[in-house]
Structure formats: structure tokens, C-alpha cells
Amino acid sequence: MRKIFRRSLASVLAGLLAMTALPRVASADTSMTMLVDNASHTIAISEALVAAFQKKHPDVTIDIEARPGGGEGDNIVKTRLATGQMADIFWYNSGSLLQALAPEKTLLDLSKEPFMEGVAETFKKVVASGDGVYGVPTRPAEAGGIFYNRKIYERLGLKVPTTWAEFMANNEKIKAAGTTAVIQTFGEPWTSQVLLLADFYNVQKQVPGFAEGFTSGKVKFATTPAAVRGFEYIKEIADGGFMNKDFGAARYEDGLRMLAEGEGAHYPMITFAIPALSDGYSDQINDIGFFALPAEKAEDTGLTVWMPAGFFIPKTSTNIDMAKAFLAFVASPEGCKVQGEAVAVNGPYLIKGCELPKDVVQSVSDLLPYFENGKNAPALEFVSPVKGPILEQLTVEVGSGIRAPADAASLYDEDARKQAQQLGLPGR
Amino acid sequence: MVTAIASTANGRRSPYPGWFFLPAAIVYGVFFLMPTFASFYFSLTRWSLFEASFIGLENFIQFFREPFLVKGLVNTVLYAAVTSGMKVVIGLLLALMLTSQIMGRGLLRALVFFPVLVSTIGVGITFTVLMHPTKGAINEGLSLLGIAGPGWLTDPSLALFSVALVDVWKGVGLATVIYIAGIVAIPKDYYEAARIDGGTKFQNFLYITLPLSRPATATVITLSFIGGLRTFDLIWAMTKGGPGFASDTIASVIYKQYQSGFFGLSTAGNVVLFILIAVLVVPITAVLNRREGHQ
Amino acid sequence: MRSRASLLGGAIALLVSLVVFVVPFAFIVLMAFKDRRQANLLDFSWPNGVHLWDNLVTVVTTRNWMLVTAFINSTILTVVSVTLLVLLGAMVGFVLSRRKTRWNPLAEFLILSGLMIPPAVVPTIWLLQGLQLFGTLSGMILIEVAYNLPFTIILYRAFIATIPRDLDEAAIIDGGRPMDIFFKVILPLLWPVTVTNIVVQSVGIFNDFTNPLYYLPGNANATVQLTLYNFQSQFNTAYNLLFTNIALITIPPLIVFLFFNRQIVAGMTAGAVKG
């Protein structure tokens, strides 16, 4: 009896486990996987590119898998790379985040591929490590600065500021008119750092060797007045009473809405917001303009540029040739066209032969002069592998009046030191 | 767990066979303990997932140098104490109410228990919206009563407490059910005897219900205190430790380190968290279980 | 008089519970009825028109009917894991509370450790890969069992301690074998706490997000919480869809609950008789 029972128990368990082995769907000739983050424009672009690519290669299917963005997504990407479970192609940030993936160990070097000739040098620099170059750009170049509502500017007779003092004077007038002058959305902490990060054109202009010094730990935020200014900007805006009442809880999407509907005049943000703005507020999109974050002196005001994410191929990819063919497609004028149809164009392309359409939105045409007159420089995270992870909490604290700018700057230095130590970055 | 098998060697077949431990011990040992021991080694390394180099105790030194560690420690203990305390008190009160002849008892039991079933992320999202300082339903409701509601999740001194409240809301149903099971299991004779002796309801509660539901209290405290020390999903879903660092707990600090790619450091943090919990919880459970043994 | 007091008490308790425990759910449901623009205002208001059907269709069909796959996967994962948990947990809890050996403290310590130590993700993935279980539901099931065993055992142990030993001793004198005693005498007596375990663990596993994210990658393996996360960002302006999804994935726990609600009460009455 006992034996029978035990045996039947065992068979029940075996049966239960067997149930879990679901049959797999039969696949086409070549099937590949692709891992992208779940931001809506990422998915829209990926789906459009995959559909166009599959049309050219009917024997290929690419299955897109979405993952969360932010730190959680970084984790998933690292874990899957380290355990050899990465998809055949994946979408990931360029710059300091890419460096943390140990590209030389984990990614396929593309520097000898013919299609890389079409990729702009500025982008290649931020996806390179050692002698290798690892990715192709997913988007046009982006920039951090201030989005502003042109209707409010018109109504109050304001001019686009070129110095910080002019910017603050504008804020005073907007506040006096009963409108929120600066939208802040600390409900999503990453948005709080834009004011600081977008000031980097100004910082590197005043302190030319800042990035190298910061990487090696010789130059610090707290002892560089030009760098501390970024924290002070955040505080001055908070102290001036310029922010929306719900700045602590408002989210990125709220910020875009307030800007588009004229509830707020300025929103410090990166231009990857342009597609979301033109999707959600197509009627108001041309009321929204953009200017670089004004520096102390007008001649120091310039554009801080963000490089877009790239497509990368892990060394463990099982379809390397087809994956390369996909990247070649992305890095071609045809790929740009597909992208541009899927999602609004938000800046100059980083692929040779790609032309901007004539009818770009207002904020993009505001952006282009900075690229043409050369008054632009990449943001710190693209010229230094060091980016302390707690920066966004520190900027929230400064903006919420919990911590003084100087204090935040020295905590940030400590955080950067820790990151360099933990990641074993060279030069420290 | 393997040890119980060895002690059956006295020849007589025990009615409580040691091999009952075996299947559980295998699954637990292989899928939980082995990776955990492996990770303890990594707490002594600089570990980037792609390579690990031995750096001795440096991670532990770094962990204790974290500027927000003290705040995180205090928050962790505070959160665990507040949530488990409230779950004990409210759970017991609700259980008393729901074991008495009260109107709508079935419905109330269902209502109180239901939040236990809803996904933490769902609850987090919902309450983040309800606690919005200007548009949230809670403050709208308060303003109807003429009260200006606070910034539940945006006021640094309030954020942790607000999350703890939601934790209690979501978890008190389980405490209540554990208490109901405990109270219902108390033999009726005791109350019968007390009734003959002319005891009041309050005396019944003090001298019968409270002492005899001690096992339930032990379970509720153990589970919710440990849960409180460890919780992280609700805090993460609602405040991500913010504003700034105001509602950071050790678990969220560790998670952030992990996210930043500081794998060795975050593993060291796990070891520290484990020791902290052991130091706090082992004595508590030892006391609670000793009392329980008398029953 | 007694009945009037309890009537009043009941009315007040009902009212408070309604506000505290019903309003958040009412909010979720109201949001699911709204259109995108109104939902984004995030206020507690009556929907302007019924948009539930549109929301439902969008949520269910998004990303190739991912929600349907997810429901199937989550159901298998939950049912098998909980079955194993109940069996293994009850066996350990039974012996642990009946036999007092000097090794019990170690077992207790290991159980507490399981509750306390956050799992080590990367070594676990290496292990699963070595066993050919990575990215399979079987592997995921074993992980869920390992991670949730301590809690199950604690619940069982506490409950078994309240069952008089006379019952199993009587069965031993009758010549029952350990297996028979356990399955015929003990396990039925454990029904109330088994129900608690089934409800709590199935909900925990059904609602688990992090573990499937790491151990069960791939669209074909998606579980329901993953779809929630997808919506949260993919439509982060569309709170109507997000809350429709929350409402949808709350239905299975609700069914489990409705199914076992009576059982909880019935089981408890049995428990009272046995005492």
C-alpha cells in the first residue's frame, strides 16, 4: 500500500512537471531574437525596422522581446550577457552605461564591417572600447536643454534667453503672470538631473580638462565652481518659487502635458521627448520650442548633446551573419526612412546619406543651428565612464530643499569614487 | 535538515520519519542554499558579473561608509516595527470583531482579506495615484472635510510612514486570518467556565483570548517583522526610496547598488542585512516559540 | 440591547471597511471604464461614457495577445508550485513540530534564513543552466518552491503544534504507518491552514514579478505581472489601459478567493470542533 502510494505520488509529480514542457511553435528558416526596452518609441521603431527587414528577407523572423528600462533593465542586460542568454540583437545605451557591459568581452566587434563606414564618427566614439566599435545608432542625435512654450513667450513678450540671468528674469515675469515658470517632475527622479547634466557644455568650456580629470578622480565636482553651479541652478529655481505645486509627485508625462497645454513655460528635458510630444499633442507641437541651457555668460551657452542608444550583437549570438545584416539595414538611409516614418524625427541623423525631412517640428529646427555652428559638446556621460548612480536622488534633494548644493556636490564625488572602485575603472 | 535522518538510527521506526524532510531539503538546498553560499564568496570580490577579483573585506568597509546607511538602517527597523506592530494590533482587533456575531461578517472577512491577493505592484501604482498631493483622491476627500492633506509620498518626513500604511492595508488581512484561526481554535470550555465565574467580556479577552492566541501572535510577528525588514517591492513601486533618500531601507539601498552594477558590494550588503535580521529576529522568535511550546 | 449594540458596531465597522477597503478597488474599476484623456487626470470621478470594452480589447490584444500566453504560463506555474509546496511544506512542518531533537534549531535557522536572505540571482542562473532548467517552467517551478518553502513550513508548523498529539498517537497504536498517519490523519486535519497556504502562495506566485523576469526570459514564457510592467511603460500616458490590466490580472486571485472563502470559514469551524 505504502509503495503503491509512493509510486502514484511520484507519477503525479512527474506528470505535473511534464505538463510544464509546452510544445514550441515551429519556426521559419532563420529565427532571431531581439531584446529592447519597453519605452513606446523604442518598441515602435524596433517593430517598424523588423517589419521592413523581414519584408526584404522573407525567410527571417525576428521576435522582439521587451524589457523594463532604467536600472532594472541594466540589470537584466548584464545578467543575460554574463550568463550567455542574451538575444541575438539588443538595444542599449551608448556611453558610460555601455562601458559597464565590458564590451570587449561580451560584444561582437563591428569595426571592420563595411556598413560602419556610414556611421558618424561622433557616434562611433561613444560605442567604442579599446580598438573595437560595437554598435549602430538607433536614433538621431539628441540634446539636453530647455523646452519652452512659445505661446507663453509671445503673450508675455519674452525673448529666448542666452544667459542665466535673462532666464531667471523670464521666470520672474512668467511667475508674475500666474503661470508655472519651470516644470519639474521629481515623481520620476531621473528627470531632476537634466538641469545639471545639460550644463556640461558650459562646464567643459570653462574647465577644458574636466572630463579626463573627473575620470581619473583628480578633478572633483565640489572643488570646481563651474560644476557646482549645476546644483545651484536647481536650487535657485526651487527657491524662486518657479516650480509647479506638485513637482514632487508629477511624472515625466505630466511634464510634457503641462508644457504642451501651456500650464508651464519651461521644462528642462532631453530631446528624446519630441516623439512623445508630437504623438500626444500634435496640435500644439509647433508651440513648443527648444533652447540650450543658458550659461552665466552668453558666449559659454551651447548645446549639450546626448548620443542615442545603439543596436548591439552579443558574442553569443547564434545568427551572427543575419544579425549583422540587420544592423547594416539600420545603418542605411533606408533604415533612417523607416525610423522616421515610425516615430517623429528629433534631431540630425548620425548615419551618412540620411536627410532630415523639410517639415521638421519647431523644436528640432531650434536645435539644428547648434549643430551647424559647432556650439555643441557631448554630455559628461559620453566622455567619461564615471557616472555616480545616486546623482538623481541628490538633484531631487537639492530641488526639494533637503540638501545644499555644495553638500550634494561632495556626496556626488564620493559616489563617483565608489563607482570607479566598484567597476574597477582604469585611472583610479 | 539532513540531521533528522541520522537520529532515526535508534532502530525503532519513528512515526515521524526523518525522510519527510528529504524532498524539501533537496529542493531548498539545491535551489536556494547553494547559490546563496556561492554568493557569499562574491561579497569578498569586486564583481562586475563578467569577472570577479578578490578584494577581501573592502566591500564591507565600503558598505559601512555609505553616507545613507544609518538612515537606511533606522528606516528599516522603523518600518518593520511600525508595520508588524500595526498588523498585530489591527489584525487582532479585526479578528475579534470578525469572530463575534457581527452583521455582515462574511462580507467583512472577504473585504479585509482581499488586498492580500492583489499584486504588490498593482497596489503600489494605485496608492501612488491616490496619494498624489494635489490630484489624489485621499487629499480630495480630506479637503471636503476642510483638511489640507499632506504630500503623502513627497514630504520627506512622511514618505516612509505612508508606504508603511499601505503595507498594513495590504497585509493586515493575512494577520487577521491567522488570528481568526487562532481564536476559533480556543476550546469553548474556557469561555464557558469564565461565564460561570461571571467574567466580563474584557476579562475573557485579557485572560483567555490574548494568552491563548499567542501562537498566532508569534506567527504574525515573525512573518511581518521579517517581511518588514526585507520589504522592498512596495517601497520600490511607490517611492523608489525617495524623495531623495528619505524612505530608503537597507533592501532598497542594496537593490540600487545591484542596479548600479556594484554586484560585490550589494552582495556584501545582503550579508549585512542577513546578519541584522538574524540579530533582531532570532531572539524574538526564540522567546515567542518557547512560550508556544507550553501549550 | 446586545443585538442593537452589535448592529450599530457592525454598521460602523462596515462603513469604515467599505471606505478603507473598497475605495481603492472602486478606483481601479472606475479607471478601467475611462478613456485615456480622463484617466490621465487621475482623479476619483465618474467615467464620461463607457470605454471598458475598448480598453479590454487593447489590453488583451497588445503585443500578439501576450496576455493570453501569460495567463496560461502563470496558471501552470502557480498550480504546480503550490501543489508541491503544500505537500513538501506539510511534511516538514509535521515532523518538525512533532520531533524535538537538538537539530531542530538548525532547521529553524535554515527556515528563517530562507525568509531573510534575498536570493542570489546570478549563481542561481548558473545552476539552472547547469541543470538544463534555465528558461523553462520546470526550473521556475522549482525556484518558486525553494523560495516559498520557509513561509509554508512556518504556517504548517504553527498550526500542527495546536493539533493534539493524541490523534496521531492513537493512529500509531492502531498500527498505522507514517505515510498513512500523515496522509489519512494529519493532512485532512490541516485543511484550514492548507487553504491559507494555497491562497497565500498561489497569490504570491501568481503575482511574482522579479523571479520570472530573471529565470524565465522570452516572450513565450511571459507571466502576467510582466504584462503589467509592459503596459506601465509602453502606455505610460494611458492609465486607463494600465488599470484595466490591473483589474484583469486581479480576476484569477479573486476567483481563487471566492472559491476558498467558504472553505476558510468551514475549515475554521472544523478546527474549532477538533480543539
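**Exercise 1. Start from A:Tyr92 and work outwards: find what stands opposite A:Tyr92, then place the strands in their sheet.**

Step 1. In this predicted model, A:Tyr92 faces A:Gly310, a residue of strand S12 of chain A.

Step 2. Now look at the two strands around that pair. S3 (residues 89–92) and S12 (residues 310–312) of chain A are joined by three bridges and run antiparallel.

Step 3. Zoom out to the sheet. It is an open one with five strands of chain A, ordered S2-S1-S3-S12-S6, and its pairing is mixed. Strands S2 (60–67) and S6 (135–137) of chain A each have a single partner strand, so they stand at the edges with one side lacking a neighbour in the sheet. On average, neighbouring strands here are turned by 25° against each other, ignoring direction.

Step 4. Add the helices. Helix H2 (residues 40–56) of chain A packs on this sheet and touches S1 (30–37), S2 and S3 of chain A. The direction of H2 makes about 175° with that of S2(A). Helix H15 (residues 320–330) of chain A lies across S1, S2, S3, S6 and S12 of chain A, at about 55° to S1(A).

**Exercise 2. Take strand S11 of chain A and work out which strands it pairs with, and in which sense.**

Step 1. Try S7 (residues 142–149) of chain A: this strand and S11(A) pair in the antiparallel sense, over three bridges. One pair to click on is A:Glu142, whose bridge partner in S11(A) is A:Trp306.

Step 2. Next comes S13 (residues 376–378) of chain A, which runs parallel to S11(A) and is joined to that strand by three bridges. Here A:Thr304 has A:Ala377 in S13(A) as its bridge partner.

Step 3. Check the faces of S11 (residues 303–306) of chain A. A:Leu303 and A:Val305 point to one side, A:Thr304 and A:Trp306 to the other, and all are buried, leaving both faces covered.

**Exercise 3. Decide whether C:Phe134 is buried or exposed, and list what C:Phe134 touches.**

Step 1. Locate the residue: C:Phe134 sits in the loop between helices H5 (121–130) and H6 (137–160) of chain C.

Step 2. Count neighbours. There are 21 C-beta neighbours inside 10 Å, so C:Phe134 counts as buried; the cut-off is 20 or more.

Step 3. Leave out residues up to four places away in sequence, and C:Phe134 touches C:Ile125, C:Leu128, C:Gln129, C:Gly139 and C:Tyr215, plus A:Gln85 from chain A.

Step 4. Compare sequence with space: C:Pro217 is 83 residues from C:Phe134 along the chain, yet their C-alpha atoms are 8.8 Å apart.

**Exercise 4. Sum up chain A as a whole, then say where its confidence is lowest among its elements.**

Step 1. Chain A holds 20 helices and 13 strands. Its radius of gyration is 24 Å, close to the 22 Å given by the globule rule for 428 residues, so chain A is as compact as a globular protein of that length. The C-alpha trace spans about 85 × 55 × 45 Å along its principal axes.

Step 2. Of those 428 residues, 54% count as buried.

Step 3. Turn to confidence. Chain A has a mean pLDDT of 89, with 93% of its residues at 70 or more. Among its elements, helix H1 (residues 2–19) has the lowest mean, 45, and S12(A) the highest, 97. Across residues 1–28 of chain A the pLDDT is below 50, and this stretch has 16 contacts in the model beyond near neighbours in sequence. Where pLDDT is low, predicted coordinates shouldn't be read in detail.

Notes:
Residues are numbered from 1 along each chain as its sequence is written. Chains are lettered from A and ligands numbered from 1 in the order in which they are written. This is a predicted model: local features need pLDDT of at least 70, side-chain atom pairs count only at pLDDT 80 or more; totals for chains, interfaces and linings use all residues. Two strands pair if DSSP finds at least two bridges between them. Helices (H or I, at least four residues) and strands (E, at least two) are DSSP runs, numbered from the N terminus. Axes are lines fitted to C-alpha atoms, for helices over the stretch in contact, and angles run from 0 to 180 degrees between N-to-C directions. Two residues are in contact if their C-beta atoms, placed from the backbone, lie within 7 Å. pLDDT is the predictor's confidence in each residue, from 0 to 100. A residue is buried if 20 or more other C-beta atoms lie within 10 Å of its own, exposed if 12 or fewer, and partly exposed in between; C-beta atoms are placed from the backbone. The radius of gyration is taken over C-alpha atoms; the globule rule is 2.2 Å times the number of residues to the power 0.38.
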